[in-house]
Amino acid sequence: MSGLPLLGPQGEPGTSTSPPVVRQILVPDAGVGVKWFVPEPDADKAARLLDARFELHAPSYFFTEAASVLQRKVAVDRTLSEAEGLDAFRLLRTVPMTIHATEALLEDAFRHGVRYRRPVYDSLYMVLAVAIRGRVVTADRRLYNGVHAGPLDHVVLWVTDPL
């Protein structure tokens, strides 16, 4: 040891020499979020994102889209009861995520959608991830295939890809 006292972030005496933890920024889409609370294929892989090493962000539209996915599972697919669908939605809303207003992202999402022939609601995830230097994690095959092997390929991960 150098004999110098350890100092904390504000110059006060500290006890740790560990560097600050840098968490990976991820933008899960609603399909991934639903997998956190509904048993379906790749739910275990989606659950990895709930680990504290990840900082989760989502456009405010995330909850609307998740509610739509869950409603379809109840009313159309009949794979969940209404109570199960509502429980999953309520649990989803407890996940620590930074929610971003979509208003400021819409023009870029529109441009992205035109360029890559993706719906604006998919493009919102992409534009947000680029803006915050994160990566989208998706369970939407059309979204993944729509940008895979293109200039934004590095921004999108499939739900089962290594993190």
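## Helix H5 and its cover

Helix H6 (120-131) and helix H7 (141-147) are among the elements that cover the buried residues of H5. The model is a predicted one. H5 itself spans residues 106-116.

Four residues of H5 are buried: Ala109, His112, Gly113 and Tyr116. Viewed down the axis of H5, these buried residues fall within an arc of 100 degrees, so they line one face of the helix. The other side of H5 carries exposed residues, namely Glu107, Phe110, Val114 and Arg115. Just past the helix, Arg117 adopts a positive phi of about 55 degrees.

## A nonpolar surface patch

Leu106, Phe110, Val114 and Val120 make up a nonpolar patch on the surface. Together they offer about 350 Å² of accessible area. Helix H5 supplies the largest share of this patch, with three residues.

Phe110 is one of the patch residues, and it sits in H5. Its relative accessibility is 52%; exposed means over 50%, so Phe110 counts as exposed. Val114 also belongs to the patch, and Val114 is listed among the exposed residues on the other side of H5.

## Gly85 in helix H4

Gly85 lies in helix H4, which covers residues 82-92. Its relative accessible area is 8%; the limit for buried is under 20%, so Gly85 is buried.

Which residues does Gly85 touch, leaving out those up to four places away in sequence? They are Leu70, Val74 and Leu80. Arg72 is 13 residues from Gly85 along the chain. The C-alpha atoms of Gly85 and Arg72 are separated by 9.3 Å.

## Strand S1 and its partners

Strand S1 (residues 24-28) pairs with strand S2 (residues 54-59). The two run parallel and are joined by three bridges. S1 also pairs with strand S4 (residues 135-138). That pairing is parallel too, again over three bridges.

Leu26 of S1 has a bridge partner in each of these strands. In S2 the partner is Leu56. In S4 the partner is Arg135.

## Points to follow in the view

- H5: buried Ala109, His112, Gly113 and Tyr116, with Glu107, Phe110, Val114 and Arg115 exposed on the other side.
- Patch: Leu106, Phe110, Val114 and Val120.
- H4: Gly85, in contact with Leu70, Val74 and Leu80.
- Strands: Leu26 bridged to Leu56 in S2 and to Arg135 in S4.

Technical notes. Residues are numbered from 1 along each chain as its sequence is written. This is a predicted model: local features need pLDDT of at least 70, side-chain atom pairs count only at pLDDT 80 or more; totals for chains, interfaces and linings use all residues. Side-chain values use heavy atoms; hydrogens and water are left out. Patches are made of residues with over 30% relative accessible area and no salt bridge: like charges are joined within 9 Å, nonpolar side chains (Val, Leu, Ile, Met, Phe, Trp, Tyr) within 5 Å. Accessible areas come from the Shrake-Rupley method with a 1.4 Å probe; for residues, only the protein chains shown count as cover. A salt bridge is a side-chain nitrogen of Lys or Arg within 4 Å of a carboxyl oxygen of Asp or Glu. Buried means under 20% relative accessible area, exposed over 50%, partly exposed in between (1.4 Å probe, protein chains only). Contact means heavy atoms within 4.5 Å. Two strands pair if DSSP finds at least two bridges between them. The arc is that of the directions from the helix axis to the C-beta atoms.
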